[in-house]
Amino acid sequence: MASRSLRVAFRSDETLPRHSATADDLQVHDIDVAPGTEDVPQLLENPHVDFPGRWVLAGEADGMPVYVRDRALADTNDTVAL
């Protein structure tokens, strides 16, 4: 099945508040999503070669969905208070 393209922005600066972003903080790329995927996916896994890992939808800027890297998963099953 063919994929479709979606233009999104990635914000990789972890020091900024989650929902704030300026054009200088964003890197815009077209990514492929499967047909039938909701209009704006809430979660992306390895969406682009330059942005491996899990990315979550954090808002919108200039009409584009903005994604930030999700918190790294722990390497243990131990209970951790967050």
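**Exercise A: the partners of strand E1**

Phenylalanine 10 stands opposite tyrosine 67 in strand E5. The structure is a predicted model, in which local features need pLDDT of at least 70 and side-chain atom pairs count only at pLDDT 80 or more, while totals for chains, interfaces and linings use all residues. Residues are numbered from 1 along each chain as its sequence is written, and side-chain values use heavy atoms, with hydrogens and water left out.

*Task.* Work out which strands E1 is joined to, and in which sense each pair runs.

*Solution.* Begin with the terms: strands are DSSP runs of E of at least two residues, numbered from the N terminus, and two of them pair if DSSP finds at least two bridges between them. Strand E1 covers residues 4-11 and is joined by eight bridges to strand E2, residues 26-33, in an antiparallel arrangement. Within this pairing, arginine 7 faces aspartate 30 of E2. Now turn to strand E5, residues 64-69, which runs parallel to E1 and is joined to E1 by three bridges; here phenylalanine 10 and tyrosine 67 stand opposite each other.

**Exercise B: assembling the sheet**

*Task.* Establish the order of the strands in the sheet and identify its edge strands.

*Solution.* Five strands make up an open sheet with mixed pairing, and their order is E2-E1-E5-E4-E3. The edges are formed by E2 and by strand E3 (43-45), each of which pairs on one side only. From one strand to the next the twist averages 40°, where axes are lines fitted to C-alpha atoms and angles run from 0 to 180 degrees between N-to-C directions. At the E3 edge, the pairing with strand E4 (residues 54-61) is antiparallel and extends over three bridges, and leucine 44 has tryptophan 55 in E4 as its bridge partner.

**Exercise C: the aromatic pairs of phenylalanine 10**

*Task.* Classify the ring pairs that phenylalanine 10 makes with tryptophan 55 and with tyrosine 67.

*Solution.* Rings of Phe, Tyr and Trp (its six-membered ring) pair if their centres lie within 6.5 Å; planes under 30 degrees apart count as stacked, over 60 as edge-to-face and the rest as tilted. Searching the whole structure yields four aromatic pairs. In one of them, the ring centres of phenylalanine 10 and tryptophan 55 are 5.1 Å apart with planes at 70°, so this pair is edge-to-face. The pair connects distant parts of the chain, since phenylalanine 10 belongs to strand E1 and tryptophan 55 to strand E4, 45 residues apart. For phenylalanine 10 and tyrosine 67 the centres are 6.4 Å apart and the planes lie at 40°, so this pair is tilted. This pair, too, links distant parts of the chain, from phenylalanine 10 in strand E1 to tyrosine 67 in strand E5, 57 residues apart.

*Task.* Decide whether phenylalanine 10, tryptophan 55 and tyrosine 67 are buried or exposed.

*Solution.* Buried means under 20% relative accessible area and exposed over 50%, with partly exposed in between (1.4 Å probe, protein chains only). Phenylalanine 10 has 0% relative accessibility and therefore counts as buried; tryptophan 55 is buried as well. Tyrosine 67 also counts as buried, because its relative accessibility is 0%. To complete the picture, Phe10, Phe51, Trp55 and Tyr67 form one aromatic cluster.

**Exercise D: backbone and surroundings on either side of E4**

*Task.* Describe the backbone and exposure of asparagine 46 and aspartate 62.

*Solution.* Most residues other than glycine have a negative phi. Asparagine 46, in the loop between E3 and E4, has a positive phi of about 45° without being a glycine, and is exposed because its relative accessible area is 53%. Aspartate 62 is placed in the loop between E4 and E5; this residue, again not a glycine, has a positive phi of about 50°, and at 74% relative accessibility it counts as exposed.

*Task.* Find what histidine 48 touches beyond its sequence neighbours, and which polar contacts its side chain makes.

*Solution.* Histidine 48 sits in the loop between E3 and E4. With contact meaning heavy atoms within 4.5 Å, histidine 48 touches Phe10, His29, Asp30 and Ile31, leaving out residues up to four places away in sequence. A polar contact is a pair of N or O atoms within 3.5 Å; within protein, one must be able to donate a hydrogen and the other to accept it, and residues adjacent in sequence count only if both atoms are side-chain atoms. Such a contact, of 3.3 Å, joins the side chains of histidine 48 and histidine 29, and a polar atom of the histidine 48 side chain lies 3.0 Å from the backbone nitrogen of aspartate 50.

Conventions
Helices (H or I, at least four residues) and strands (E, at least two) are DSSP runs, numbered from the N terminus.
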